[in-house]
Amino acid sequence: MPKQQYQMLADEMKSKIDSGEWPPGHKLPSRAQLCKEHGVSDTVVGKAMMILRATGLTETLEGVGVFVADPK
């Protein structure tokens, strides 16, 4: 079964975090920027962000943005 778009985007973002390209404290691109760069809808980006947050890879600061979380 092929992966959904949001899962592929989440995997790609996770690999940037895992590789250190996006280190702890790094601010992720905006949802609009991610939509444009990957040619996907806001819903797809939202689901990918939910996966990263649920797995503890990111944290959201309301009104500021989404950041790579410090590993625990």
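Partly exposed means a relative accessible area between the buried limit, under 20%, and the exposed limit, over 50%. Keep those limits at hand for this tour of a predicted model.

**Stop 1: K14 and D18**

Select K14 first. Its relative accessible area is 36%, so K14 is partly exposed. Now add D18. The two side chains meet in a salt bridge, 2.6 Å from N to O. Why do D18 and K14 sit about one helical turn apart? Because they are 4 residues apart in helix 1. Side chains of opposite charge can pair when their charged atoms come close.

**Stop 2: D11 and K3**

Stay in helix 1 and select D11. Show K3 as well. D11 forms a salt bridge with K3, and the closest N and O atoms are 2.3 Å apart. Is D11 buried or partly exposed? D11 counts as partly exposed, because its relative accessibility is 27%.

Next, draw a C-alpha distance from D11 to V45. The two residues are 34 places apart in sequence. In space, their C-alpha atoms are 12 Å apart.

**Stop 3: D42 and R31**

Select D42 and R31. These two form a salt bridge, with 3.0 Å between the closest N and O atoms. Which parts of the chain does the pair link? D42 belongs to helix 3 (residues 42-54), while R31 belongs to helix 2. The pair is 11 residues apart and links distant parts of the chain.

Colour both by accessibility. D42 has 40% relative accessibility, so D42 counts as partly exposed. R31 has a relative accessible area of 38%, so R31 is partly exposed too.

How many salt bridges does a search of the whole structure find? The search finds 3.

**Stop 4: the cavity**

Switch on a cavity display. The structure holds 1 cavity of 30 Å³ or more. The volume of the largest cavity is about 30 Å³. Select its lining: E12, M13, K16, W22, L34, E37 and H38. Two elements give two or more residues to this lining, helix 1 (5-19) and helix 2 (31-38). What is the make-up of the lining? The lining residues divide into 3 nonpolar, 1 polar and 3 charged.

Pick two lining residues for a closer look, E12 and E37.

- E12 is in helix 1. Its relative accessibility is 36%, so E12 counts as partly exposed. Draw the C-alpha distance to A48: the span is 9.7 Å, with the two positions 36 residues apart in sequence numbering.
- E37 is in helix 2. Its relative accessibility is 49%, so E37 counts as partly exposed. Draw the C-alpha distance to L57: the span is 21 Å, for residues 20 apart in sequence.

**Stop 5: G46**

Move to helix 3 and select G46. Is G46 buried or exposed? G46 is buried, because its relative accessible area is 12%, and buried means under 20%. Now add A10. The C-alpha atoms of G46 and A10 are separated by 9.9 Å. Along the chain, G46 and A10 are 36 residues apart.

**Stop 6: T58**

Finish at strand 1 (residues 58-61), where T58 is found. Select T58 and show its surface. T58 is buried, because its relative accessible area is 6%.

What lies 3.4 Å from a polar atom of the T58 side chain? The backbone nitrogen of R53 does. Show that backbone atom together with the T58 side chain.

Then expand the selection to the contacts of T58. Leave out its neighbours within four places in sequence. The residues then in contact with T58 are I17, L28, M49, L52, R53, V66, F67, V68 and A69. R53 is thus one of the contacts, and its backbone nitrogen is the atom at 3.4 Å.

**Selections to save**

| Selection | What is there |
|---|---|
| K14, D18 | salt bridge, 2.6 Å, N to O |
| D11, K3 | salt bridge, closest N and O atoms 2.3 Å apart |
| D42, R31 | salt bridge, closest N and O atoms 3.0 Å apart |
| E12, M13, K16, W22, L34, E37, H38 | lining of the largest cavity |
| G46, A10 | C-alpha atoms separated by 9.9 Å |
| T58, R53 | R53 backbone nitrogen 3.4 Å from a polar atom of the T58 side chain |

Terms used: Residues are numbered from 1 along each chain as its sequence is written. This is a predicted model: local features need pLDDT of at least 70, side-chain atom pairs count only at pLDDT 80 or more; totals for chains, interfaces and linings use all residues. Side-chain values use heavy atoms; hydrogens and water are left out. On a 1 Å grid over the protein atoms alone, a cavity is a set of points where a 1.4 Å probe fits but cannot get out, and a pocket is an open set with protein on both sides within 12 Å along at least five of seven lines; lining residues have an atom within 4 Å of a point. Grid points are joined across faces, edges and corners, and a volume is the space filled by probe spheres set on the points. Ala, Val, Leu, Ile, Met, Phe, Trp, Tyr, Cys and Pro count as nonpolar, Asp, Glu, Lys and Arg as charged, and the others, Gly among them, as polar. Buried means under 20% relative accessible area, exposed over 50%, partly exposed in between (1.4 Å probe, protein chains only). A polar contact is a pair of N or O atoms within 3.5 Å; within protein, one must be able to donate a hydrogen and the other to accept it, and residues adjacent in sequence count only if both atoms are side-chain atoms. Contact means heavy atoms within 4.5 Å. A salt bridge is a side-chain nitrogen of Lys or Arg within 4 Å of a carboxyl oxygen of Asp or Glu.
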